[in-house]
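Reader: Could you take me through this model and show how each label is earned?
Author: Gladly; here it is.

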Amino acid sequence: MTNFAPLYDSESPLLDCYNLKGFDTGPRPGTFGSCGITNRYDYIFISKSLEKRFVTGGVYRKGLWGTTKNRPTKWPTYTEMTRSAEQASDHAALFIDLNL
């Protein structure tokens, strides 16, 4: 198993997107299944030098059904999806916009 602890150390040259001012996790912090914090499996790290270039970012779940039988109620989904087999992915999408 990989140890990611050094990425979160104060000496790390990288920043976790969740720590960027204005990054929007929406109603749930995770990116898989029910999207609880223990289901946060996806990450974007940027160099500290890019922090000032951060414009916006977030977790996009509209194409995510998750692992439930019924349509998720904790986040909006595409109305065309009627079951989990039709989801875009079993993980939510993370995105950030940088002003380069």
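What follows is a set of questions about labels, each answered by setting a value against its cut-off.

Author: A word on the basis: this is a predicted model, in which local features need pLDDT of at least 70 and side-chain atom pairs count only at pLDDT 80 or more, while totals for chains, interfaces and linings use all residues. Residues are numbered from 1 along each chain as its sequence is written, and side-chain values use heavy atoms, with hydrogens and water left out.

Reader: Why does N39 count as buried or exposed?
Author: Buried means under 20% relative accessible area, exposed over 50%, and partly exposed in between (1.4 Å probe, protein chains only). N39 has 16% relative accessibility, so it counts as buried. N39 sits in the loop between β2 (23-24) and β3 (45-47); strands here are DSSP runs of E with at least two residues, numbered from the N terminus. Leaving aside neighbours within four places in sequence, N39 has contacts (heavy atoms within 4.5 Å) with G30, T31, F32, G33 and S34.

Reader: What makes R40 and D16 a salt bridge?
Author: The term asks for a side-chain nitrogen of Lys or Arg within 4 Å of a carboxyl oxygen of Asp or Glu. For R40 and D16, the N to O distance is 2.8 Å, and their side chains meet in a salt bridge. R40 belongs to the loop between β2 and β3 and D16 to strand β1 (residues 14-16), so the pair ties together parts 24 residues apart in sequence. Both R40 and D16 are buried.

Reader: How many salt bridges does the whole structure have?
Author: There are two. R83 also forms one with E86, with the closest N and O atoms 3.8 Å apart. R83, at 48% relative accessibility, counts as partly exposed, and E86, at 36%, counts as partly exposed too.

Reader: How do you know which strands of the open sheet stand at the edges?
Author: Strands pair if DSSP finds at least two bridges between them. The open sheet has three strands in the order β2-β4-β5, with mixed pairing. β2 and β5 (93-98) each have a single partner strand, so one side of each is left without a neighbour in the sheet. Two bridges join β2 to β4 (residues 54-60), and these strands run parallel. D24 has G58 in β4 as its bridge partner.

Terms used. Helices (H or I, at least four residues) and strands (E, at least two) are DSSP runs, numbered from the N terminus.
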